[in-house]
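Thanks for sharing this one with me. Here are my notes, set out as numbered points so that you can follow them with the structure open.

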Amino acid sequence: MKDTLKSKSTLAVATAMAFAIGAASLVPAAQAADNEKCYGVAKAGKNDCQTAKSSCAGTSKVDGQKDAWVYVPAGTCEKLVGGSLESM
């Protein structure tokens, strides 16, 4: 009986940890308050999320695609060649 309770406790802890790790992966780690979306600077296949021409992250077709973005530290985007805070 004691082993059964220990097994259930271990399973509960493992399940909780798996849920926490899974939930954390739903929000990109780079999406912090001190980051901003920077359009027009992502390399092909390196964008962070969906664009008008691409269905999801990592699917931009060309370097510098104007509607593809990546997270960069706040205040950095407009210093980058081709960088914009708005999709073009």
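1. A word on terms before we start: helices and strands here are DSSP runs, numbered from the N terminus, with at least four residues for a helix (H or I) and at least two for a strand (E). Please also keep in mind that this is a predicted model. With those terms, Leu85 belongs to the segment after β2.

2. Staying with Leu85, its relative accessibility is 38%, so the residue counts as partly exposed. Setting aside neighbours within four places in sequence, Leu85 has contacts with Glu36, Lys37, Tyr39, Cys77 and Glu78. Its C-alpha atom is 9.0 Å from that of Trp69, a residue 16 places away along the chain.

3. One of those contacts of Leu85, Cys77, brings us to the disulfide. The search of the whole structure turns up one such link, and it joins Cys38 to Cys77 with the sulfur atoms 2.1 Å apart. The link of Cys38 and Cys77 is right-handed, with 75° about the S-S bond. Cys38 sits in strand β1 (residues 35–39) and Cys77 in the segment after β2 (69–73), so the disulfide ties together parts that are 39 residues apart in sequence. Both Cys38 and Cys77 are buried. Cys49, by contrast, has a relative accessible area of 35% and is therefore partly exposed.

4. Which residues make up the largest nonpolar core? There are six in all: Cys38, Ala42, Ala68, Val70, Val72 and Cys77. In soluble globular proteins, nonpolar side chains tend to be buried together. Within this core, Ala68 is worth a look: leaving out residues up to four places away in sequence, Ala68 touches Cys38, Tyr39, Gly40, Ala42, Asn47, Thr51 and Ser60.

5. Now to the loop between β1 and β2, where Gln65 lies. Is Gln65 buried or exposed? Its relative accessible area is 4%, and since buried means under 20%, Gln65 is buried. The side chain of Gln65 also makes a polar contact with the side chain of Asp67, at 2.8 Å.

6. Last, the charged pair. One salt bridge is found in the whole structure, and it is formed by the side chains of Lys43 and Asp63 (3.9 Å, N to O). Lys43 and Asp63 both lie in the loop between β1 and β2, 20 residues apart, and the pair links distant parts of the chain. Lys43 is exposed, with a relative accessible area of 51%.

How values were computed
Residues are numbered from 1 along each chain as its sequence is written. This is a predicted model: local features need pLDDT of at least 70, side-chain atom pairs count only at pLDDT 80 or more; totals for chains, interfaces and linings use all residues. Side-chain values use heavy atoms; hydrogens and water are left out. A nonpolar core is a set of buried Ala, Val, Leu, Ile, Met, Phe, Trp, Tyr and Cys residues joined through side-chain atoms within 4.5 Å. Buried means under 20% relative accessible area, exposed over 50%, partly exposed in between (1.4 Å probe, protein chains only). Contact means heavy atoms within 4.5 Å. A disulfide is a pair of cysteine sulfur atoms within 2.5 Å. A polar contact is a pair of N or O atoms within 3.5 Å; within protein, one must be able to donate a hydrogen and the other to accept it, and residues adjacent in sequence count only if both atoms are side-chain atoms. A salt bridge is a side-chain nitrogen of Lys or Arg within 4 Å of a carboxyl oxygen of Asp or Glu.
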